[in-house]
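Work through these exercises on charged side-chain pairs. Each task is followed by a stepwise solution.

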Amino acid sequence: MIDAPKPKRLLSIGTDPLLFKEGSAVRERIRGYAKDWNEMHIIVSTVGRDFGETTIGDNVWVYPTRSRIKLFYPLHMRKLGRFIIRRRNITNITCQDPFLTAMSATGLQKECGLPLEIQVHTDIGSPNYPHTIGNKVRKALALSYLPKANSIRVVSERIKKYLMKQLGIAAAKITVRPIFVDTEKIKNAFVIAGADLRKKYPQFDRIVLMASRLTTEKNVGLALKAWKLVVGKYPRAGLIIAGSGPKENELRSLAGKRGIANSVVFEKWVDTSTLASYYKTSDVFLSTSFFEGYGMSLIEARAAGLPVVSTDVGIAPEIGAKIVNFEPRDIANALCDILRKL
């Protein structure tokens with residue numbers, strides 16, 4: 001008599017509160033990943049009591065830490081993880097970054113004797129990654145925790161090569177799993193009402209699009225410095241920046257100081273259908289990030305047929321982007337070369 005296979009039950013430790021939001025893209029991705037497991041239990045770091053335990057699929061449960069302050073995240077992740085492991089007979093552990101979630105996960109790995117996968121979604125090997133004290137600490141944590149993992153999942157060959165070279169981790173231990181992007185959906189999408197940038201901003205005869213969080217690592221200030229040079233040649237060109245973040249006011253101020261406020265539009269972050277229309281009604285997509293683990297927006301822009309100008313980050317070289325250095329004039333020249341042909 002052949003014994004039935006042992007149920008596979010995964011404990012995942014992460015930080016994305018969008019898992020509690022119905023209809024979010026991350027929920028859809030998780031439902032896809034969960035098909036490989038009998039059960040998937042996800043701990044998400046949260047502050048306060050705004051989130052409650054929820055079910056997001058037939059076999060997926062999400063649990064908030066409901067911590068009082070962020071400092072308690074690792075402690076509460078580990079405590080909650082220990083409870084779930086024992087109650088649900090967990091067979092495997094994964095954590096969604098090699099930093100604080102790995103701190104909790106490696107503790108549970110040692111305590112419970114379970115195999116651990118550590119995920120790496122950002123390019124910790126980029127020379128630009130440790131540009132802040134926080135990132136220096138994160139990189140030190142990553143280099144400490146990654147050798148303890150039984151397996152590692154990364155989003156690009158770039159990161160895999162770095163881990164093999166820097167830490168001597170065997171290639172067989174590292175799996176490259178790119179972030180899923182539904183390129184066919186983008187290719188076949190129609191331009192929706194109100195999301196045609198050419199009609200929305202008729203004052204522009206050429207449109208360059210950025211879709212980015214407005215944070216330090218996205219380096220949008222560099223794009224604004226380059227844009228000053230672009231509008232010198234093409235006064236009716238417009239730069240549309242779709243995104244939000246803590247640097248928004250600073251970037252708006254920079255655009256004003258450089259005298260380009262009339263040619264730069266800051267839009268809030270938009271849903272995927274609207275963004276697909278933005279891609280299809282622009283002329284060029286621009287990314288000036290210091291580093292990217294993957295670069296979903298680069299893939300999406302190419303799927304919509306847009307030429308891409310990007311710094312050498314993430315997946316950019318592999319999708320045929322025009323690679324530029326971190327100099328405003330180099331970026332401006334690349335954009336102008338494309339705009340001139342329109």
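Is arginine 88 buried, partly exposed or exposed?

Solution. Take the cut-offs: buried is under 20% relative accessible area, exposed is over 50%, and partly exposed is in between (1.4 Å probe, protein chains only). Arginine 88 has 32% relative accessibility, so arginine 88 counts as partly exposed.

Two notes on the source. The model is predicted: local features need pLDDT of at least 70, side-chain atom pairs count only at pLDDT 80 or more, and totals for chains, interfaces and linings use all residues. Residues are numbered from 1 along each chain as its sequence is written, and side-chain values use heavy atoms, with hydrogens and water left out.

**Exercise 2.** Find the salt-bridge partner of arginine 88 and place both residues.

Solution. Apply the criterion: a side-chain nitrogen of Lys or Arg within 4 Å of a carboxyl oxygen of Asp or Glu. Glutamate 39 qualifies, with closest N and O atoms 2.8 Å apart. Next, locate the pair. Glutamate 39 lies in strand β2 (residues 39-44) and arginine 88 in helix α2 (residues 73-88), so the bridge ties together parts 49 residues apart in sequence. Helices (H or I, at least four residues) and strands (E, at least two) are DSSP runs, numbered from the N terminus. Finally, check burial: glutamate 39 is buried, at 12%.

**Exercise 3.** Characterise the pair arginine 158 and aspartate 312.

Solution. Their closest N and O atoms are 3.0 Å apart, a salt bridge. Arginine 158 sits in helix α5 (residues 157-167); aspartate 312 is in the loop between β13 (308-311) and β14 (322-324), 154 residues apart. Arginine 158 is partly exposed at 25%. Aspartate 312 is also partly exposed, at 43%.
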